[in-house]
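Here is a short briefing on one protein structure. Keep the sequence and the model open while reading.

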Amino acid sequence: MIKKPAAVCEVHLDQMEQGISNLHGYERALVVFRLRGSVVGREWIPVVKGRITAAVLREHTTQVAWPSWLVVNQDAGDGSPLPTASVVVCTRDRTEDLANCLPDLQLLAAQGHDVIVVDSCPSDGSSERLVASYPAIRYLHEPRPGLDIARNRGLQAARGEIVAFTDDDAQVGTGWLPALLRNFDDPMVAIVTGITMPLELETEAQLWFEETNGFGRGYIRRSFDSATANVLATGRIGAGVNMAIRRAVIDHIGLFDEALDGGTASRSGGDQEYFYRALSRGYRIVYEPAAPVWHRHRREWSALRQTFYGYGVGLFAWWTRCLLVEGEWSIVALAPRWFWRHHVRQVVRALLGRPKHVPLDLALAELRGALAGPGSYVQARRVLRSQIDPAAPERTHEPAPEAPPAREEDATITSVPVKEAV
């Protein structure tokens with residue numbers, strides 16, 4: 001069935017009197033409800049004559065009653081100062097996306113936060129020139145390709161106590177960074193993730209992605225640890241597009257595995273593997289729905305198919321790492337069981353045309369990726385070992401401390417989310 005474009009709208013529960021207008025051309029909208037900054041729910045609502053009335057919105061707010069009650073009654077905190085933060089965006093040859101990402105981050109930089117763009121093995125200087133127009137944002141040129149390589153580079157260059165990450169194809173929402181930071185008052189919290197919503201749903205590929213692999217993880221703040229969560233099923237915790245890491249735990253947890261995620265044969269899994277390591281070392285991870293990011297899903301069907309393939313590869317790649325590096329022998333039983341219960345069953349459901357089945361080509365792509373995952377991780381490790389440090393100096397741009405800002409040369413390390421595995 002062909003899916004028609006849908007509008008994406010953000011509504012604050014205390015500001016619904018006017019309804020939503022200017023929705024001509026859409027038959028339905030994904031309405032995201034917010035209260036006091038937190039995302040408390042979302043509903044698919046029909047669009048009638050280009051608008052959704054306030055009365056219709058109120059009819060759907062019953063679905064968000066419990067998360068709203070929790071927000072109203074949550075502890076406001078003790079008013080202690082938030083930790084200092086760096087914000088890292090890893091990019092590679094997506095200057096157009098980066099141009100939409102940076103304006104919101106520039107506001108954070110203007111507030112005194114350390115904002116860094118890590119440009120991973122770019123084919124040209126377009127992203128560097130773009131960042132040069134934002135003097136308060138630092139630019140780091142990373143000569144080696146790989147999302148985890150770029151993430152590590154950002155971690156090592158960061159100046160803040162907390163390092164928050166987002167993607168170049170995402171835009172941070174109002175209150176994003178403070179909402180992440182206030183969860184680090186607990187010294188055992190190593191990572192905080194936020195809620196990620198779709199920026200647009202204009203193509204069939206974007207709609208299918210949101211319905212099958214959307215980044216939303218619910219509307220209630222949750223805390224995870226190894227006693228209450230399956231450390232090998234970290235997809236439910238969040239994704240690398242919206243996460244923050246306490247820099248002090250790196251000495252214990254380590255850096256990201258540079259043989260995982262985008263730009264390598266493993267294709268994804270770096271964020272999920274890092275969540276696993278944090279939990280298995282005794283730390284906690286908090287999921288915070290008051291920290292929203294808006295992500296632009298891939299628009300083309302071919303890109304969606306590659307995403308499904310990459311998710312299959314990435315899951316089994318980081319599970320392979322868990323077996324080979326961490327000695328997680330439970331993977332020997334878990335991986336075949338998941339392959340049969342998820343991947344094979346998903347293909348069978350598509351072949352039989354069962355209700356709400358995933359399109360066959362997407363199901364097959366993910367299955368093929370799962371089969372390729374273990375070998376892909378071994379291949380990525382081999383490639384990583386063969387890399388040598390380039391002789392050429394790395395390019396960076398540091399914002400000058402005084403206005404007018406001057407950019408100067410300086411010196412300049414390295415994930416795509418994997419969906420939940422049960």
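The notes below cover helix packing, nonpolar cores, a buried helix and a few single residues.

This is a predicted model. Helix α10 (residues 301-324) packs against α7 and also against α12. Helix α12 (residues 360-386) packs against α11 as well. The largest nonpolar core has 57 residues, and a second, separate core has 47.

**Helix α7 with helix α10**

- Two packed helices are described by the angle between their axes and the distance between the axes.
- Helix α7 spans residues 204-213, and its axis comes within 8 Å of the α10 axis.
- The two axes cross at roughly 25 degrees. Angles under 35 degrees count as roughly parallel, so α7 and α10 are roughly parallel to each other.
- The crossing of α7 and α10 is right-handed.
- From α7, the contact uses E204, A205, W208, F209, T212 and N213. From α10, it uses W301, L304, T307, F308 and Y311.
- By class, seven of these contact residues are nonpolar, three are polar and one is charged.

**Helix α10 with helix α12**

- The axes of α10 and α12 lie 6 Å apart, at an angle of about 35 degrees.
- This crossing is right-handed.
- On the α10 side, the contact is made by W301, L304, R305, F308, Y309, Y311, G312, V313, F316, A317, T320 and R321.
- On the α12 side, the contact residues are D361, L362, A365, E366, R368, G369, A370, A372, G373, P374, S376 and Y377.
- The class count for α10 with α12 is 14 nonpolar, five polar and five charged residues.

**Helix α11 with helix α12**

- Helix α11 (residues 331-352) packs on α12 at about 155 degrees, with the axes 8 Å apart.
- Angles over 145 degrees count as roughly antiparallel, so α11 and α12 are roughly antiparallel to each other.
- α11 passes α12 in a left-handed crossing.
- The α11 residues in this contact are F339, H342, H343, V344, Q346, V347, A350 and L351. They meet L360, A363, L364, E366, L367, A370 and L371 of α12.
- Eleven nonpolar, three polar and one charged residues make up the contact of α11 with α12.

**Nonpolar cores**

- In soluble globular proteins, nonpolar side chains tend to be buried together.
- Within the 57-residue core, I191, L232, F316, W318 and W319 touch the most other members.
- Helix α11 gives the most to this largest core, with seven residues.
- The separate core of 47 residues includes A109, W208, L304 and Y309.
- W208 and L304 of that second core also take part in the contact between α7 and α10.
- F316, from the largest core, is also among the α10 residues that contact α12.

**Helix α5**

- Helix α5 covers residues 147-157. Nine of its eleven residues are buried, so α5 is largely enclosed by the rest of the structure.
- The buried residues of α5 are L147, D148, I149, A150, R151, N152, R153, G154 and L155.

**Positive phi outside glycine**

- Most residues other than glycine have a negative phi.
- N22 has a positive phi of about 60 degrees, although it is not a glycine.
- N22 sits in the loop between β1 (7-12) and β2 (28-35). At 71% relative accessibility, N22 counts as exposed.
- D261 is not a glycine either, and has a positive phi of about 80 degrees.
- D261 belongs to the loop between α8 (250-253) and α9 (270-280). Its relative accessibility is 0%, so D261 counts as buried.

**Residue T196**

- T196 is part of strand β9 (residues 189-198).
- With 3% relative accessibility, T196 counts as buried.
- Leaving out residues up to four places away in sequence, T196 touches F215, G216, V241, N242, V293 and H295.

**Residue E326**

- E326 lies in the loop between α10 and α11.
- Relative accessibility is 24%, so E326 counts as partly exposed.
- Apart from residues up to four places away in sequence, E326 touches Y276, R277, R281 and R321. R321 is also one of the α10 residues in contact with α12.
- E326 and L140 are 186 residues apart in sequence, and their C-alpha atoms are 32 Å apart in space.

Terms used
Residues are numbered from 1 along each chain as its sequence is written. This is a predicted model: local features need pLDDT of at least 70, side-chain atom pairs count only at pLDDT 80 or more; totals for chains, interfaces and linings use all residues. Side-chain values use heavy atoms; hydrogens and water are left out. Axes are lines fitted to C-alpha atoms, for helices over the stretch in contact, and angles run from 0 to 180 degrees between N-to-C directions. Helices (H or I, at least four residues) and strands (E, at least two) are DSSP runs, numbered from the N terminus. Angles under 35 degrees count as roughly parallel, over 145 as roughly antiparallel, 65 to 115 as roughly perpendicular and the rest as oblique. A crossing is left-handed if the near helix is turned anticlockwise from the far one by less than a right angle, and right-handed if clockwise. Contact means heavy atoms within 4.5 Å. Ala, Val, Leu, Ile, Met, Phe, Trp, Tyr, Cys and Pro count as nonpolar, Asp, Glu, Lys and Arg as charged, and the others, Gly among them, as polar. A nonpolar core is a set of buried Ala, Val, Leu, Ile, Met, Phe, Trp, Tyr and Cys residues joined through side-chain atoms within 4.5 Å. Buried means under 20% relative accessible area, exposed over 50%, partly exposed in between (1.4 Å probe, protein chains only).
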